[in-house]
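Below is a set of short questions with worked answers. Look at the sequence and the structure before reading on.

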Amino acid sequence: MNLGLKQKLAVSIACLCASGLASADAALDKAMADPGNWAQQAGDNYNQRYSELKQITDKNVDKLQVAWTFSTGVLRGHEGSPLVIGDMMYIHSAFPNNVFAVDLNTQEIVWKHMPKQDTAVIAQMCCDTVNRGLAYGDGKIFLQRADSVLEALDAKTGKVVWSAVNGDPKLGAVNTNSPHVFGDKVITGISGGEWGVRGYISAYDIKTGKMAWRAYSTGPDAEMLMDPDKTMAWADGKLAPVGKDSSLKTWQGDQWKTGGGTTWGWYSYDKDLNLLYYGTGNPSTWNPSQRPGDNKWSMTIFARDLNTGMAKWAYQMTPHDEWDYDGINEMILADIKVKGKDTKALVHFDRNGFAYTMDRVSGALLVAEKYDPAVNWATHVDMKTGRPQVVSKYSTAQNGPDVNTKGVCPAALGSKDQQPAAFHPKTGLFYVPTNHVCMDYEPYEVSYNAGQPFVGATLAMYPAPDSHGGMGNFIAWDAGTGKIVWSNPEQFSVWSGALTTAGDVVFYGTLEGYLKAVRLSDGKELWKFKTPSGIIGNVFTYEHKGKQYVGVYSGIGGWAGIGMAAGLEKDSDGLGAVGGYRDLQKFTNLGGSLTVFAIP
């Protein structure tokens with residue numbers, strides 16, 4: 001073949017690939033561009049959870065009333081939110097992960113999908129039977145079932161177009177995350193760090209369901225899709241290649257094979273950079289003495305090329321995690337001023353109590369500050385090494401197994417768990433639902449048995465002492481300087497995802513069941529409404545026939561509410577007494593419903 005023909009062929013193939021990507025992405029891009037829709041779990045690829053709708057404002061939000069409700073028929077924790085595309089709303093439930101397509105014109109169910117799952121999977125789910133929602137793209141609705149099966153449903157009929165098995169639930173590899181559609185790929189993660197599952201993130205072809213790539217969190221470079229010479233990490237105040245066997249060198253023997261680093265959170269995507277961003281979870285086991293070393297790359301922010309899965313950069317937030325500070329929380333992409341400089345930033349509120357502002361292009365560490373004043377396990381993050389400076393008194397590794405380390409803040413729940421924060425472009429601030437909870441943590445020796453809990457610690461959680469007496473705060477955060485702008489105390493952890501709008505309103509829900517609206521500028525409460533159950537879902541908004549609506553799931557559960565949702569005072573695997581939350585029974589009931597509001 002002559003050179004000219006080779007070049008023409010190469011160009012033709014490139015054009016075909018590009019057009020394939022465009023056609024798969026176009027429907028979702030179009031849907032996201034219309035603020036009347038809510039086409040992604042976060043509203044957009046950047047995870048900003050901001051809406052341009054502005055009929056509901058800080059001047060009239062107090063007139064909101066219930067427009068309609070919908071029961072999912074499942075009394076358990078309801079996280080995530082529905083999707084709205086045009087005249088259709090797509091609603092999901094906790095296990096068994098039922099899906100309903102509702103016509104907004106008539107509020108009638110057009111189709112429903114009731115997947116058949118083995119109930120044995122429930123015992124393999126660490127922290128309630130939650131599901132964080134659906135994804136849309138290419139005329140399909142994507143459901144990540146608890147039993148690890150990823151399904152593509154025809155958006156018009158609900159019929160299964162394709163399915164893919166993403167993990168083995170018999171080994172503890174289950175799913176609670178929402179899938180995400182970026183370009184021509186469906187991205188999904190895996191749960192099971194408390195079962196010794198080796199974490200990974202997977203990309204599936206949107207049309208066929210064939211796996212495009214899978215990147216592990218721990219292990220050999222090739223399986224992690226890391227190039228020792230090209231994947232960068234923060235060290236000595238600058239970025240440098242991670243080097244060969246960067247993960248293997250930080251584990252003892254083959255411990256990386258059961259090393260955790262699961263990926264059950266939220267993902268974001270910068271189309272211009274073609275980079276996917278996500279975080280990895282805690283290393284297994286919870287007993288740090290059994291796994292010496294930094295345990296890379298658990299507890300890590302990753303940036304990966306969407307087409308190939310290859311890691312461009314990685315930053316480990318909590319090396320050798322000693323407290324179960326999962327790093328899976330959302331990565332919010334925003335163009336903001338950081339210390340006075342315009343920056344393409346990534347902002348992450350980690351379970352460990354530090355908020356990180358990164359350069360999302362290079363992976364450089366820019367800001368790392370505490371976003372809850374109660375945080376005490378580390379004094380600060382060394383900006384040169386990127387490592388938190390651990391306080392010996394609160395080090396469960398230094399204190400050793402069978403020693404109860406008391407007064408650690410935050411608790412394993414983190415200063416924030418998966419409940420997503422929101423960004424507002426007008427103020428440049430981030431609005432963050434937080435936990436204000438501390439713990440006692442006692443590690444113990446544990447052996448790995450496939451399909452059995454691999455925890456190795458017991459803990460008790462309670463309100464942060466010497467504070468307002470509650471277990472949560474809702475805050476506004478300046479990611480450019482690393483400072484709290486304002487803070488509203490709450491009696492319980494704020495386990496609801498936030499929403500900001502162009503109407504200068506911020507919405508969030510509470511575990512007692514209130515949906516609240518507060519003012520953007522100072523957090524002043526403008527309106528609240530008591531829903532039938534505690535709120536751990538994410539607030540969303542859409543427009544239909546010229547009217548703006550706001551909605552949220554009401555259904556107590558998740559880790560904060562599992563004691564009530566499961567009828568227990570301790571979750572089924574000894575992952576921590578939840579006695580600090582048992583007062584919730586005075587304020588709310590079990591539930592599983594959607595409440596939608598509008599101004600009459």
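Q: Is V381 buried or exposed?
A: The model is a predicted one. Buried means under 20% relative accessible area. V381 has a relative accessibility of 5%, so this residue counts as buried.

Q: In which strand does V381 lie?
A: The strand in question covers residues 378-381. V381 therefore falls within its range, and the strand is numbered from the N terminus. Its label is β25.

Q: Which residues is V381 in contact with, leaving aside its neighbours within four places in sequence?
A: Contact means heavy atoms within 4.5 Å. Some partners precede V381 in the numbering, namely Y315, F354, Y356, L365 and A368. The others are G386, R387 and P388.

Q: How far apart in space are V381 and G546, C-alpha to C-alpha?
A: Along the sequence, V381 and G546 are 165 residues apart. In space, their C-alpha atoms are separated by 48 Å.

Q: Is G513 buried or exposed?
A: G513 lies in the loop between β35 (505-509) and β36 (514-519). Buried means under 20% relative accessible area. The value for G513 is 0%, so this loop residue is buried.

Q: What distance separates the C-alpha atoms of G513 and G534?
A: G513 and G534 are 21 residues apart along the chain. They are also in contact, and the partners of G513 include F529, K530, T531, S533 and I535. The C-alpha atoms of G513 and G534 are separated by 3.8 Å.

Q: Which residues have the most contacts inside the largest nonpolar core?
A: This core has 48 residues. A second, separate core has 31 residues, among them L64, W527, Y553 and F597. In the largest core, the residues with the most contacts are Y315, Y356, W377 and M439.

Q: What is the radius of gyration of the protein chain?
A: The C-alpha trace spans about 80 × 60 × 55 Å along its principal axes. For 600 residues, a compact globule would have a radius of gyration near 25 Å. The chain agrees with this, at 22 Å.

Q: What share of the residues in the protein chain is buried?
A: The chain has 4 helices and 40 strands. Its accessible surface comes to about 20,400 Å², and 53% of that belongs to carbon and sulfur atoms. Of the 600 residues, the buried share is 63%.

Q: How many Å apart are the mean positions of the positive and negative charges?
A: The protein chain has 55 positive and 61 negative charges. The mean positions of these two sets are apart by 3 Å.

Definitions and conventions: Residues numbered from 1 in each chain as written. Predicted model: local features only at pLDDT ≥ 70, side-chain atom pairs only at ≥ 80, totals over all residues. Heavy atoms only, no water. Helix = DSSP H or I, 4+ residues; strand = E, 2+ residues; numbered from the N terminus. Rg over C-alpha atoms; globule rule 2.2 N^0.38 Å. Buried < 20%, exposed > 50% of the residue type's maximum accessible area, 1.4 Å probe, protein only. Areas by Shrake-Rupley, 256 points an atom, 1.4 Å probe, with all protein chains shown as cover. Lys, Arg positive; Asp, Glu negative; His and termini not counted. Charge placed at Lys NZ, Arg CZ, Asp CG, Glu CD. Core = buried A, V, L, I, M, F, W, Y, C linked by side-chain atoms within 4.5 Å.
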